[in-house]
Amino acid sequence: MTIVSFLSRHRRVLVLCAATAALHFVTIGWLAARIGTTETPRALVPMTVTAQLRPALPPRTQAAQRQAEAPAADTAPVQPRPHRPAAPVSAPRIAAPFDAVPEPVPEAAPETVTELVQAAAAVPPPANIGPVPAQAGAAPEAPAVQSLAAAAEPIAGRRFRVNLPPSANFELEVRRTDADGTKWNGSADMHWQTDGSTYKVGLEVGISMLVARVALLELASEGTIDDAGIAPVKLTEKRRSRSQTATHFDHEGKRITFSASTAAVPMATGAQDKATVPFQLAAIGRGDVNQFGSDIDIQVGEDREAMVYRFVLVGEEELETKMGRLVTWRLARPPRPGSYNARLDIWLAPSLDWYPVQIRNTERSGAVTTQTVTKILRPAS
């Protein structure tokens, strides 16, 4: 049997098989599309994107570094707490600089707790510090404030919310540069003691001469605590080669008197002396930091008269000390013509109960005295 005769005889069978195979192929393709074997594009789902704009935080200084202090037998060293952003206050005002006017340093009048007694002719020790540079963008100079000695009636001072810091002892390094470039180097001991109803403040400042330490200034203040904060009763001041003076605060009679003069000044609410001013400012910061958003006016009794010190907030600064880097708030009392001619800067440390950790006095002559804390010890409870 030939192939031709075989195909001719079975033609119908072959056509039927081919048709069956084609039908199966079409059927399989149709089923595959129906059950998803072949990939088909899916519909695109629209996506909603939302965005929220947030204002940038104001630039802040780095957090204070902690540094341990070896505890003494009867005292415990104070360590800075982690810095927390302070409550918002209004924009601080930059203290106005002043023009240095040459004048003999020994004739400059004492200003604050930070001022060393002027250099005696026979005491020329060295130190290492330069004058404070003037700040740019100074605010207009404040009007003159007259001494309160001529006032006839008691004056009403601003009452602040206060929270006094706990008792502590301070060790400080002292550096000074006179107007003629003479440099000093020394140390100071300061103590603050309070039981909630009374207080005592003491300060002893000395300079180093070769192997000896010469005492230059001693301040001692004591009094009570009231709802306005520190209420001095008596301040004594002893400077090298000078007699001791005393300033008395008569709270019942509302007047301030002086052993070195016959003046009797009406006393304002919240009046302070030169030794208590830094701790009163610390109490104001602890009471409500927003109080630093406006001027802080404090009547201060000195050795011969009393006048109003006006402090302004300069801003937040990081301070390098032997205790480490401290985040501080800097307050300044710019010079005011007709009242006082020196500038006073005080750095308070919020992480250390708002203690004063640096105090600087810049005299009209250009002489600069700086006291910086090296150790803080609290009496053991």
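This is a short walk through three neighbouring strands and a few loop residues with positive phi. Keep in mind that the model is predicted.

Let's begin with strand β4, residues 198-209, and strand β5, residues 212-226. These two run antiparallel and are joined by 12 bridges. To see the register for yourself, find Lys200, whose bridge partner in β5 is Glu222. The hairpin of β4 and β5 has 2 residues between the strands, and in this hairpin Leu210 takes a positive phi near 55 degrees.

From β5 we can carry on to β6. Here, too, the strands run antiparallel, with 10 bridges joining β5 to β6. A handy landmark is Ser221, which has Leu235 as its bridge partner in β6. Between β5 and β6 there are again 2 residues, and the two strands form a hairpin.

Following the chain out of β6 (229-239), you come to the loop that leads to β7 (245-250), and Ser241 is found there. Although Ser241 is not a glycine, its phi is positive, at about 70 degrees. Ser241 counts as exposed because its relative accessibility is 70%, and the cut-off for exposed is over 50%.

Further along, look at the loop between β14 (343-349) and β15 (355-362), where Trp354 lies. Trp354 is another residue other than glycine with a positive phi, in this case near 65 degrees. Is Trp354 buried or exposed? With a relative accessible area of 9%, Trp354 is buried, since buried means under 20%.

Note on methods: Residues numbered from 1 in each chain as written. Predicted model: local features only at pLDDT ≥ 70, side-chain atom pairs only at ≥ 80, totals over all residues. Heavy atoms only, no water. Helix = DSSP H or I, 4+ residues; strand = E, 2+ residues; numbered from the N terminus. Buried < 20%, exposed > 50% of the residue type's maximum accessible area, 1.4 Å probe, protein only. Pairing = 2+ DSSP bridges.
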